[in-house]
Amino acid sequence: MSESNNIIEECLKQRGDSVKDVAFAVDSVDRILEKVRNKSCDAVVSEPWIETDEHGSVKFARVHAFGEVVHTLVERTNYNGLFLPGYVNAIIEDKLNRFLPETALTTIDHIACGQNFDELISLCDKYFQQLNFRRFYSLDDKQLNNNITSMRSIVITNHNNGKITNSRTSESIKTKSDRGIRAVQ
């Protein structure tokens, strides 16, 4: 078993079904790492590495997001292949596919992250400062409550090749929850 499989296996044992890594397509891994290093001395999880095949090369790096979650930065500016080095079209057509509807999944709309009380603002600040995200909109605990519990929500966004990627982060105000990604849609 590879080292990356062991990392995922340990994560599943500790936290159950959850998200460990959210990848971002970036224009320059080096520029983002420079910004991350200027803001936090321990945020870089994996130094840059390059993977290559006959279609070109892709540069990667990993940075800490929050809790056990990391972001893999993917720079494909020198790559013309289907997806990433080593990926190929399926040679065998799965006969089950003809019975299934087309998914037409082309992008991820948003990621929802649950945070402990009073951690939301500092997490959003990290995304603003290190990854050039900006606030899209927010709701506070006075707008989202039922007199038993309440929630604050901040939607942050970045611009990626003309497409906006939203990341909704929220925190529980009166109850504590485990930090982690709640939904990828």
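Okay, let's start with a pair of strands: E1 and E4, where E4 covers residues 69-79, run parallel to each other and are joined by five bridges. If you want one contact to look at, take Val 22, whose bridge partner in E4 is His 71. Keep His 71 in mind, please. And before I go on, a reminder that this is a predicted model.

Now the whole sheet. There are four strands in it, the sheet is open, and the order reads E1-E4-E3-E2, with mixed pairing. So which strands stand at the edges? Those are E1, residues 21-25, and E2, residues 44-53. Each of them has a single partner strand, so one side of each has no neighbour in the sheet. From one strand to the next, the twist averages 25 degrees.

Next, the helix. H3, which is residues 120-131, lies across E1, E3 and E4. Strand E3 is residues 56-66, and H3 runs at about 150 degrees to E3.

On to the empty space. Searching the whole structure for cavities of 30 Å³ or more turns up two. I'll talk about the second largest cavity, which holds about 40 Å³ of space. What lines the second largest cavity? The list is Val 36, Val 63, His 64, Ala 65, His 71, Lys 126, Tyr 127, Gln 130 and Leu 131. There's His 71 again, the bridge partner of Val 22. E3 and H3 each put at least two residues into that lining, and H3 gives the most, with four. By character, the lining of this second largest cavity has five nonpolar residues, three polar ones and one charged one.

Last topic: aromatics. How many aromatic pairs does the structure hold? Four. The one I'd like to show you is Phe 24 with Phe 133, an edge-to-face pair. Centre to centre the rings are 5.7 Å apart, and there are 65 degrees between the planes. Phe 24 sits in strand E1, while Phe 133 is in the loop between H3 and strand E6, residues 134-139, so this pair ties together parts that lie 109 residues apart in sequence.

To wrap up, E1 comes back several times: E1 pairs with E4, stands at an edge of the sheet, has H3 lying across it and carries Phe 24. That's it from me, thanks.

Key
Residues numbered from 1 in each chain as written. Predicted model: local features only at pLDDT ≥ 70, side-chain atom pairs only at ≥ 80, totals over all residues. Heavy atoms only, no water. Pairing = 2+ DSSP bridges. Axes fitted to C-alpha atoms, helices over the stretch in contact; angles between N-to-C directions. Contact = heavy atoms within 4.5 Å. 1 Å grid on protein atoms, 1.4 Å probe; cavity = no way out; pocket = protein on both sides within 12 Å on 5 of 7 lines; lining within 4 Å. Points joined across faces, edges and corners; volume = space filled by probe spheres on them. Nonpolar A, V, L, I, M, F, W, Y, C, P; charged D, E, K, R; others polar. Phe/Tyr/Trp six-rings, centres within 6.5 Å; stacked < 30°, edge-to-face > 60°.
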